[in-house]
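Here's a quick briefing to read with the model open beside you. Take it one topic at a time and find each piece as you go.

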Amino acid sequence: MLSPVLIIISILFSLYITSNGQSCSKHIFPTNQIFASCNDLPNLNSSLHWNYDQSAGSLKIAYRHTGIASSRWIAWAINPTGRGMVGSQALVAYQRSDGAMRAYTAPLSSYQTRLEEGDLSFPVSGLSATYENNEMTVFATLKLDNFSSSSVNQVWQEGPVSGDSPGMHLTTGANVLSMGSLDLLSGKTGAIGGGVGSRLKKKNIHGLLNAISWGILLPIGAVFARYLKVFPSADPAWFYLHASCQSSAYIIGVAGWATGLRLGSQSPGVQYTAHRIIGIILFCLATLQVSAMLLRPKKEHKHRMYWNIYHHCIGYSVIVLSIVNIFKGFDILNPDEKWKTAYIGILIGLAIVAAILEIYTWCIVLKRKKSSHDQKITNGVNGTNGHNGYGARAEEYRV
């Protein structure tokens, strides 16, 4: 039963990602500008369009950032001396409080930069920016005469605007992975900053394992236990389905929890945030829950009722804490919005299924109670043992 569940989850994610995928080649600029090459950048909902004349050392670009609010700034840069932010020569754009767009150049000499305006190490002309339909674009022509190769290191970024000045961007999630190499002739891209990329990959694995285990499999297992056992024909199948989901969730969840501990040990300066504390509590409660299965009394045991209360309380507490912690993880990792939306969609789907089954099973239970009550009346009043039945006649005969 586990395989179909994982297949459904994978299909949901794949369909969502496919339907929301970017396609820079299909974009038409309002100014009817045409660019021979383009590339959908892997982070921050961005794309780069360009025309490159290698003999003239001229690079005409349009950097687009979609799904962005007017209160944000965007930047695209080339780093001619190294990798990453320091040394980058940036094109910055944002919308001022009066509604006008501002576009300017900013050389980045340190991580504490506030994107101060200044001349770049190469000439820039035709610099402008537009904002329309939650899409911000910066246009420019760069003169790259001194570049010995068609391959450049690019960096792109976005952040808040406060008081008509760019503020500090996030230092987690996609914002720390928004860099890479680009061959202007072939359009081929590559990753740079392997240490950062490797760490983010571990964070993504940590998040995916925990979302699937604590956030999806556990609620599905609870649905099996709560609703299938109402049907006599589903006994003991519901128990095996429930046990399979919960044990698989625990195993996968422990793997996700271990990756979290590993990431924490590699960041000794990071304090124990609410996300980490809840994660530790979840692991302890889930371990108690699994261990309690070894001490489960038989159905007819006088203490079975107390064990059921404990099992249900701990189980539902783990599910609630898991969902809360997953959303805290989203805030920390800050992935593309589509991942959070996809998970919310899965939760809504499970909630709808649970609500339908809740109503249906209550109808069955009430129907059974009514049927049982009617049967008692039949047997007790007009039946074989009732006052007006054969039992009464027997009493009369005895007298």
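Strand 7 and strand 8 (residues 135-143) run antiparallel and are joined by seven bridges. Keep in mind that you're looking at a predicted model. Start with this pair of strands, then work outwards to the sheet, the helices and the protein as a whole.

**The strand 7 and strand 8 hairpin**
- Want to see who sits across from whom? T130 has T137 in strand 8 as its bridge partner.
- Y131 stands opposite M136, which is also in strand 8.
- The hairpin of these two strands has two residues between the strands, and N133 takes a positive phi near 55 degrees there.

**The sheet around it**
- Zoom out a little and you'll find five strands forming an open sheet, in the order 1-2-3-8-7, with antiparallel pairing.
- Which strands stand at the edges? They're strand 1 (37-40) and strand 7 (124-132), and each has a single partner strand, so one side of each is left without a neighbour in the sheet.
- From one strand to the next, the twist averages 15 degrees.

**Helix 3 with helix 4**
- To describe two packed helices, you give the angle between their axes and the distance between the axes.
- For helix 3 (residues 237-265) and helix 4 (residues 274-292), that angle is about 150 degrees and the axes are 11 Å apart.
- Their crossing is left-handed.
- On the helix 3 side, the contact uses Y250, V254, W257 and G264, while helix 4 brings R276, G279, I280, F283, A286, T287 and V290.
- Sort the residues of this contact by type and you get seven nonpolar, three polar and one charged.

**Helix 4 with helix 5**
- Helix 4 also packs with helix 5 (residues 304-333): their axes come within 9 Å and cross at roughly 150 degrees.
- Why is helix 4 called roughly antiparallel to helix 5? Angles over 145 degrees count as roughly antiparallel, so a crossing of roughly 150 degrees makes the pair roughly antiparallel.
- The crossing of helix 4 and helix 5 is left-handed.
- Plenty of residues to look up here: helix 4's side includes A274, H275, I278, L282, L285 and Q289. Among those they meet in helix 5 are W307, Y310, H311, I314, V318, N325 and K328.
- The residues of this contact divide into 14 nonpolar, eight polar and one charged.
- Look out for G279 and A286 in helix 4, which are part of the contact with helix 3 and also of the contact with helix 5.

**A closer look at T189**
- T189 is found in strand 12 (residues 189-190).
- Is T189 buried or exposed? Its relative accessible area is 40%, so T189 is partly exposed.
- T189 and N39 are 150 residues apart along the chain, yet their C-alpha atoms are separated by 8.4 Å.
- Leaving out residues up to four places away in sequence, T189 touches N39, S181 and L182.

**The whole protein**
- How many helices and strands are there? The secondary structure comes to seven helices and twelve strands.
- Of the 399 residues in the protein, 38% are buried.
- Among contacts with a separation of 6 or more, 58% are between residues 24 or more positions apart.

Definitions and conventions. Residues are numbered from 1 along each chain as its sequence is written. This is a predicted model: local features need pLDDT of at least 70, side-chain atom pairs count only at pLDDT 80 or more; totals for chains, interfaces and linings use all residues. Side-chain values use heavy atoms; hydrogens and water are left out. Axes are lines fitted to C-alpha atoms, for helices over the stretch in contact, and angles run from 0 to 180 degrees between N-to-C directions. Helices (H or I, at least four residues) and strands (E, at least two) are DSSP runs, numbered from the N terminus. A crossing is left-handed if the near helix is turned anticlockwise from the far one by less than a right angle, and right-handed if clockwise. Contact means heavy atoms within 4.5 Å. Ala, Val, Leu, Ile, Met, Phe, Trp, Tyr, Cys and Pro count as nonpolar, Asp, Glu, Lys and Arg as charged, and the others, Gly among them, as polar. Angles under 35 degrees count as roughly parallel, over 145 as roughly antiparallel, 65 to 115 as roughly perpendicular and the rest as oblique. Two strands pair if DSSP finds at least two bridges between them. Buried means under 20% relative accessible area, exposed over 50%, partly exposed in between (1.4 Å probe, protein chains only).
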